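Trainee: Hello! I have a protein model to look at, and I would like to learn how to read it. Could you walk me through it?

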Amino acid sequence: MVFLDPTTDLAFKKLFANQAKKEIVTSFLNSVLDRKGNDEIVDVIITDPFNHPDTRWLKNSAVDVRCTDKNGRVYIVEMQVDSQLDYPERSQYYASLAIARQLKPTEVYHGIKPVYFIGILGFELFKDNQAYLNKHCVRNLFLSYPSK
């Protein structure tokens with residue numbers, strides 16, 4: 001029996017971006033994000049992976065897997081075997097698009113749902129870091145607003 005290499009683009013998308021096999025990506029997300037109990041992801045909907053530009057002068061791009069859970073949280077999973085110098089900027093761009101495109105013109109900002117970007121890399125992104133798993137969070141470091 002011959003098996004496909006799951007790190008190839010075609011095999012990865014067949015495994016993770018397939019609505020008929022959504023339990024694979026659901027299990028993967030729960031494992032990587034350490035989701036248990038009430039926070040566990042129980043179902044996902046695989047959504048359009050294409051970042052269609054809003055105007056003709058914006059960049060057209062696509063992610064490997066984009067899905068949403070029942071709470072509206074967005075998950076982007078990218079497989080990247082070959083080292084790319086622009087990977088940090090590209091991952092930030094994809095996550096930012098997923099955040100920015102959640103709201104319609106009349107909606108309020110506190111309605112934005114979290115976006116989780118998971119990069120599976122075949123190269124060392126951060127030098128001198130031997131950990132197999134790195135978690136990063138964009139957050140406000142100030143506990144309160146400074147007084148005027």
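Mentor: Gladly! Let us begin with a term we will need: a residue is called buried when its relative accessible area is under 20%, exposed when that value is over 50%, and partly exposed in between. Take Arg35 as a trial case: its relative accessible area is 7%, so Arg35 is buried. Please keep in mind that this is a predicted model.

Trainee: Thanks. How many of each kind of element does the chain have, and in what order do they come?

Mentor: There are three helices and six strands. Starting at the N terminus, the order is α-α-β-β-β-β-β-α-β. Of the 148 residues in the chain, 26% count as buried.

Trainee: What about the surface of the chain, and the contacts between parts distant in sequence?

Mentor: The exposed area is about 11200 Å², and 58% of it is supplied by carbon and sulfur atoms. As for contacts, take those with a separation of 6 or more: 52% of them join residues 24 or more positions apart.

Trainee: Let me try a helix. Which residues of H3 are buried, and which are exposed?

Mentor: Here is the general idea to carry with you. An α-helix has 3.6 residues a turn, so residues three or four places apart point the same way. Now the case: H3 covers residues 87-100, 14 residues, and reaches 20 Å from its first C-alpha to its last, close to the 20 Å expected. Its buried residues are Tyr87, Arg90, Ser91, Tyr94, Ala95, Leu97 and Ala98. Viewed down the axis of H3, these buried residues fall within an arc of 155°, so they line one face of the helix. On the other side, Glu89 and Ala100 are exposed.

Trainee: What covers the buried residues of H3?

Mentor: The cover includes strands S2 (50-51), S3 (61-62), S4 (65-69), S5 (74-80) and S6 (115-121).

Trainee: And H2? Which of its residues are buried, and what do they pack against?

Mentor: In H2 the buried residues are Val25, Thr26, Phe28, Leu29, Asn30 and Val32. They pack against H1, S1, S4, S5 and S6. Just after H2 comes Asp34, with a positive phi near 55°.

Trainee: Asn30 caught my eye in that list. What does Asn30 touch?

Mentor: Asn30 sits in helix H2 and has a relative accessible area of 9%, so Asn30 counts as buried. Setting aside residues up to four places away in sequence, Asn30 touches Arg35, Glu40 and Ile41.

Trainee: How do I read a nonpolar core?

Mentor: Look for the members that touch the most others, then ask which elements they come from. The largest nonpolar core here has 15 residues, and Val25, Phe28, Leu29, Val44 and Val77 touch the most other members. Two or more residues each come from helix H1 (9-16), helix H2 (22-32), strand S1 (44-46), S4 and S5. H2 gives the largest share, four residues. To follow one member, try Leu29: beyond its neighbours within four places in sequence, Leu29 is in contact with Asp34, Ile41, Val44, Cys67, Tyr75, Val77 and Ile118. Another core, of seven residues, lies apart from the largest one and includes Val63, Val74, Tyr94 and Ala95.

Trainee: Last topic: charged side chains. How many salt bridges does the structure hold?

Mentor: Eight. In one of them, the side chains of Asp9 and Lys13 meet at 3.2 Å, N to O. Asp9 and Lys13 are four residues apart in helix H1, so about one helical turn separates them. Asp9 is partly exposed, with a relative accessible area of 44%, and Lys13 is partly exposed too, at 31%.

Trainee: Which residues are linked in a network of salt bridges?

Mentor: That network links Arg35, Asp39, Asp69 and Arg73. Asp39 and Arg35 form a salt bridge whose closest N and O atoms are 3.3 Å apart. In the salt bridge of Asp69 with Arg73, the closest N and O atoms are 2.6 Å apart.

Trainee: Are those four buried or partly exposed?

Mentor: Arg35, our trial case, is buried, whereas Asp39 is partly exposed, at 37%. Asp69 is buried, with a relative accessible area of 7%, and Arg73 counts as buried at 11%.

Note on methods: Residues numbered from 1 in each chain as written. Predicted model: local features only at pLDDT ≥ 70, side-chain atom pairs only at ≥ 80, totals over all residues. Heavy atoms only, no water. Expected span 1.5 Å × (residues − 1). Buried < 20%, exposed > 50% of the residue type's maximum accessible area, 1.4 Å probe, protein only. Arc of directions from axis to C-beta. Contact = heavy atoms within 4.5 Å. Areas by Shrake-Rupley, 256 points an atom, 1.4 Å probe, with all protein chains shown as cover. Core = buried A, V, L, I, M, F, W, Y, C linked by side-chain atoms within 4.5 Å. Salt bridge = Lys/Arg side-chain N within 4 Å of Asp/Glu carboxyl O.
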